[in-house]
Amino acid sequence: MAAAADCGTGAGSTGSIGAAACKNNVTSFQRKGPRASGTDSGCSRLVSIAGTRPSVRNGQLLVSTGLPALDQLLGGGLAVGTVLLIEEDKYNTYSSLLFKFFLAEGIINGHTLLVASAKEDPADILQELPAPLLDDNCKKDFDEDVCNHKTPDSNIKMKIAWRYQLLPKMESGPVSSSRFGHYYDASKRMPQELIEESKWHGFFFPEKLSSTLTTEPRSLTGGYRKLLQFIQNVIYEEGFDGSNPQKKQKNILRIGIQNLGSPLWGDDICCTENCDNSHSLTKFLYVLRGLLRTSLSACIITMPTHLIQNKAVISRVTNLSDTVVGLESFTGSGRETNPLYKDYHGLIHIRQIPRLNNLIYDVSDVKDLAFKLKRKLFTIECITKLTSYGTQGQKYLLPGHLQRKFAINKNRYFRTLHNLNKTY
Amino acid sequence: MESVVAQAGLVLLRDSVEWEGRSLLKALIKKSALCGERVHILGCEVSEDEFREGFDASVNSRLIYHDVFRDPLNWSQSGEALPGGPLGALQAMCRRTDPGPVTIALDSLSWLLLHLPCPALCQALCALSQQHSCPGGGSPAEPVRVLCLLHEELHGPGPLGALSSLAQAEVILSGTMGQASAHILSRRPQQHPTRQTQWFSILPDLSLDLQGGPPLESQPHPEPHTPPVSKGAGARTRECGGGVRDSSHEQRKHPLDLQVDPTAHMTFNLHLSESERAAKDSLTLPFQFSSEKQQALLRPGPRQATGRIFYEPDAYDDLDQEDPDDDLDV
């Protein structure tokens with residue numbers, strides 16, 4: 001991918017080889033010092049783009065998804081040039097929240113946005129973005145949250161895993177705004193001036209429809225084709241694929257597509273099981289991924305997979321996307337009353353993580369993840385809190401920390417679960 | 001019930017063979033007509049005369065009836081037939097520009113679903129229920145309410161799911177022992193969906209009579225349409241509120257479902273008695289640096305063998321006392 005190549009060469013600075021080499025001129029290694037001028041077109045050093053960082057595993061350029069807990073689960077962030085597919089929960093409350101977090105992160109970092117929707121006007125979507133949590137006022141709220149959870153547990157210290165008390169605590173709260181991922185307050189709106197000074201393109205499908213609605217089914221790729229053309233125009237005109245030699249700073253294009261596959265896009269995979277144009281959605285994803293791979297962009301798509309009648313389409317869609325995250329909310333289901341789930345609002349399933357320039361992927365060991373939306377934070381936690389003998393109802397979980405639990409077989413009759421903090 | 005149904009947007013009335021919904025639709029039409037709203041009706045299933053019976057003259061004068069039943073395929077080619085068929089009629093309703101709150105009633109959506117492709121119908125419905133934002137900006141948002149009657153037994157899960165995802169409120173009709181009830185699922189944007197159960201009956205003059213609970217002589221048993229969690233939840237005023245907790249508005253007299261206890265059917269014992277708990281707390285763990293160990297280290301006692309290694313050589317061990325590295329000149 002275009003971005004990765006640049007990233008690999010520039011990620012580490014060359015050492016002090018140059019000092020010894022220029023004396024005897026044996027090697028041609030020259031020390032690359034920091035240059036005073038900003039960007040140079042001939043320089044192979046990476047011009048760092050705001051809001052991105054290279055992955056520590058394979059040097060891939062990553063952007064934040066807007067939710068630091070999700071970034072950790074995906075291995076540091078979302079790779080530039082890939083698609084994040086979110087399988088919507090039943091009433092589309094939390095998936096639209098993740099969608100907005102992604103767009104809000106783009107505004108904070110100064111990325112260009114492209115918002116496509118068939119249900120809501122993109123201008124309205126941008127008005128409803130959550131406000132970022134800045135350092136001072138959020139940190140004390142976060143600390144008091146942590147304290148509230150800590151007081152019932154403080155008398156039960158970690159007796160067995162005592163060595164881990166000596167480890168430094170993982171940084172989980174919001175810190176300065178120049179960090180990679182930011183936290184957002186879902187109850188407040190983003191300030192208007194931030195939205196106005198950001199650059200965004202909107203695609204509202206009902207406006208692009210032809211004025212006459214005909215009863216025979218139009219070519220079902222009509223809506224998708226228009227969207228692809230729109231995305232391609234934006235990428236080409238703004239130079240995200242390197243086509244226009246731009247003097248200004250490189251930037252990332254964040255694309256957000258809402259409710260892809262719903263009948264409002266003209267696609268009937270949600271309505272029938274054997275539809276005529278069952279390949280239009282998969283074609284769309286294939287072409288979209290091709291567009292993304294050749295440009296500096298990242299895309300988030302929310303899809304109502306619970307409505308798709310043909311399960312084969314869901315597996316095809318999963319294969320054609322890079323990262324797939326499924327949300328399952330407890331609203332209205334029988335799990336709302338289950339005491340095991342009473343602190344959480346839903347489960348989050350990481351269905352697929354891509355293998356980009358790799359042979360293996362970094363799949364997390366923990367499969368039972370749940371999320372909850374507190375008044376300011378959206379946290380993802382491991383749900384296998386269990387009642388070890390004698391400590392029924394004890395909570396091992398602290399908010400904002402991603403924790404892992406290992407089961408140790410004490411004897412073959414029962415297990416004890418211990419709580420370990422894992423630092424990356 | 002009125003507050004939930006009176007909100008703008010798409011309201012689906014799902015009825016079945018046992019519990020018909022046309023009378024509820026007519027009752028809601030009458031209520032909005034008496035409030036002074038203009039009511040447009042797209043009649044597809046029954047004739048105009050049959051639909052208008054039961055309404056009194058004042059209500060009838062406010063109803064604007066678009067008749068598709070008489071000539072659905074437009075064979076008569078007369079001027080009064082609607083151009084473009086039912087979809088054209090829907091489009092014409094989209095493009096109306098008169099001010100004021102409007103209620104549009106579709107009788108029935110099932111007929112439209114059987115004659116039109118589902119995606120086109122969904123797009124038309126979405127355009128209908130959101131038309132206050134469409135025309136060029138500047139005009140204030142007028143509440144447009146679209147009441148649709150849907151016979152849920154005629155359709156598969158696909159179209160039902162697609163239409164439910166579009167609706168702002170969904171009313172599922174059921175009942176027990178001759179008493180009708182409505183399960184109302186309200187999905188306001190930015191808020192959690194709320195569920196409510198309302199017992200009601202329709203009087204002969206098409207007014208809505210709301211009742212407190214199920215009829216007293218009935219046995220409490222779950223209705224076929226009841227979702228597993230049948231408790232009502234209060235409407236939320238805060239968007240994205242944290243935590244789902246049940247609150248007021250419980251209309252039913254049934255006992256609340258007991259919480260599921262995950263430790264109910266285990267084959268091993270997770271509880272500790274007091275003596276066991278005391279023994280557990282006083283246990284010294286092997287690798288913990290307790291005070292006794294610290295004292296033992298500080299005071300080197302007799303026979304303190306801290307670093308002795310006891311080694312039993314195997315038969316195959318080569319115990320060559322010579323150092324093999326002796327000949328290295330290092």
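This is a short talk about a predicted model with two chains, A and B.

Let me start with confidence. Chain A averages a pLDDT of 73, and 64% of its residues score at least 70. Within chain A, confidence is highest in strand β4, residues 83-87, at a mean of 96, and lowest in strand β15, residues 403-411, where the mean is 33. Two stretches of chain A deserve care: over residues 211-220 the pLDDT is below 50, although this stretch has 20 contacts in the model beyond near neighbours in sequence, and over residues 386-424 the pLDDT is also below 50, with 105 such contacts in the model. Where pLDDT is low, the predicted coordinates should not be read in detail.

With that in mind, let us turn to the chains themselves. Chain A contains eleven helices and 16 strands, and of its 424 residues 51% count as buried. If we take the contacts in chain A with a separation of 6 or more, 69% of them are made by residues 24 or more positions apart. Chain A exposes about 20,400 Å², with carbon and sulfur atoms supplying 52% of that area.

Chain B has ten helices and nine strands, and 44% of its 330 residues count as buried. Here residues 24 or more positions apart account for 65% of the contacts with a separation of 6 or more, while the accessible surface of chain B comes to about 18,800 Å², of which 55% belongs to carbon and sulfur atoms.

Now to the interior. Which residues have the most contacts inside the largest nonpolar core? That core has 75 residues, and the ones in question are Ile257(A), Leu260(A), Trp265(A) and Leu288(A), together with Leu106(B), Leu109(B) and Leu112(B), so that both chains are represented in the list. Taking Leu260(A) as an example, and leaving aside its neighbours within four places in sequence, we find this residue in contact with nine others, including Tyr224(A), Trp265(A), Phe284(A), Ile301(A) and Pro304(A). Apart from the largest core lies another, of 42 residues, among them Leu74(A), Met190(A), Ile195(A) and Ile252(A). In soluble globular proteins, nonpolar side chains tend to be buried together.

Finally, I would like to look at one helix in chain B. Helix α8, residues 157-166 of chain B, is mostly covered, with nine of its ten residues buried; among them are Gly158(B), Pro159(B), Leu160(B) and Leu166(B). What covers the buried residues of α8(B)? The cover includes strands β1 (9-15), β5 (144-151) and β6 (169-176) of chain B, as well as helices α6 (109-115) and α7 (118-129) of chain B.

Terms used: Residues are numbered from 1 along each chain as its sequence is written. Chains are lettered from A and ligands numbered from 1 in the order in which they are written. This is a predicted model: local features need pLDDT of at least 70, side-chain atom pairs count only at pLDDT 80 or more; totals for chains, interfaces and linings use all residues. Side-chain values use heavy atoms; hydrogens and water are left out. A nonpolar core is a set of buried Ala, Val, Leu, Ile, Met, Phe, Trp, Tyr and Cys residues joined through side-chain atoms within 4.5 Å. Buried means under 20% relative accessible area, exposed over 50%, partly exposed in between (1.4 Å probe, protein chains only). Contact means heavy atoms within 4.5 Å. Helices (H or I, at least four residues) and strands (E, at least two) are DSSP runs, numbered from the N terminus. Accessible areas come from the Shrake-Rupley method with a 1.4 Å probe; for residues, only the protein chains shown count as cover. pLDDT is the predictor's confidence in each residue, from 0 to 100.
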